[in-house]
Amino acid sequence: DSTTPVDFADLEKILQKDLGENYRAEFRSIEELPLASASIAQVHAATLKDGQSVVLKIQRPGIEAKMDADLGLMSFVAKLLEIMLPETKRAGVTDVIHELGRSMADETDFIQEAKNIADFEDFLVQTNETDVVVPKVIKRLSTKRVLTMSRLYGAPLTDLNVVRRYAKNPQAVLEKALATWFQSLAMAGFFHADVHAGNLMILEDGKIGFLDFGIVGRFSPKVFDSLWL
């Protein structure tokens, strides 16, 4: 979440193309200094016309072309290795690269990410889980390359000083985060596949916030049934 940021003027071209030339009419303000800058996208704080605090997750310009070029090179090297050193074929390097490419394609599709957020939110509703939240997607201001969401205020769960300040029982908060992740895995066949300090927060009201659903895992929960037999 702290790579070299892209100049906002370059990101604004994406906003204008995806949201329209007059997209700023939807906002009171947009902070040009990013909250976070990662390899695929950059996050900027903003305020909607109605006063709601949101964040804009905007793809880096040309990121898909760069990723395709990198994956192409990796695939070429992997195939070359398999020809020169046949024993490396057993390691399945080519298959790993293909799977990596699939995951990266999902990460650059913010429409899919919005669906992932909605699915996780449905899971929280179905399990009556009120101590864990996800951002609300603003659909009219979201596209394949731009994701507008409600802003969650807090700090990473790894910041134990803040966890102690916001939570009456810090240990219970950490256990709740882990239990929620495992419960989604076992009950819904759906889980957040990129849980790290930047994507898991303790919020100011003591709740837990899951962020960044660009990478998720999906499978039939019946897999777990077979493990108990």
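Hi everyone, this is a short tour of one protein chain, from its overall make-up to its sheet and its pockets. Please keep in mind that we are looking at a predicted model.

Let's begin with the whole chain. It has 229 residues, and 38% of them are buried. Along the chain you will find 7 helices and 11 strands. If we take the contacts with a separation of 6 or more, 60% of them join residues 24 or more positions apart. About 13100 Å² of the chain is exposed, with 57% of that coming from carbon and sulfur atoms.

Now to the sheet. Four strands make an open sheet with mixed pairing, and their order is S5-S10-S9-S7. At the edges sit S5, residues 132-133, and S7, residues 154-156, each pairing on one side only. Inside that order, S9 (200-203) and S10 (208-210) are antiparallel partners, joined over 3 bridges. There, Ile-202 in the sheet faces Ile-208 of S10.

Next, the pockets. The largest has a volume of about 870 Å³. It is lined by 30 residues, and those closest to its centre are Ala-36, Val-43, Gly-198, Asn-199 and Leu-211. Which strand gives the most to this lining? That is S7, with 3 residues. S2, S3, S4 and S6 each supply at least two residues as well. The lining counts 16 nonpolar, 7 polar and 7 charged residues.

The second largest pocket has a volume of about 200 Å³. Among its 13 lining residues, Ala-114, Lys-115, Ala-118, Val-137 and Lys-139 lie nearest the centre. By class, this lining has 7 nonpolar, 2 polar and 4 charged residues.

Thanks for listening!

How values were computed:
Residues are numbered from 1 along each chain as its sequence is written. This is a predicted model: local features need pLDDT of at least 70, side-chain atom pairs count only at pLDDT 80 or more; totals for chains, interfaces and linings use all residues. Side-chain values use heavy atoms; hydrogens and water are left out. Two strands pair if DSSP finds at least two bridges between them. Buried means under 20% relative accessible area, exposed over 50%, partly exposed in between (1.4 Å probe, protein chains only). Contact means heavy atoms within 4.5 Å. Accessible areas come from the Shrake-Rupley method with a 1.4 Å probe; for residues, only the protein chains shown count as cover. On a 1 Å grid over the protein atoms alone, a cavity is a set of points where a 1.4 Å probe fits but cannot get out, and a pocket is an open set with protein on both sides within 12 Å along at least five of seven lines; lining residues have an atom within 4 Å of a point. Grid points are joined across faces, edges and corners, and a volume is the space filled by probe spheres set on the points. Ala, Val, Leu, Ile, Met, Phe, Trp, Tyr, Cys and Pro count as nonpolar, Asp, Glu, Lys and Arg as charged, and the others, Gly among them, as polar.
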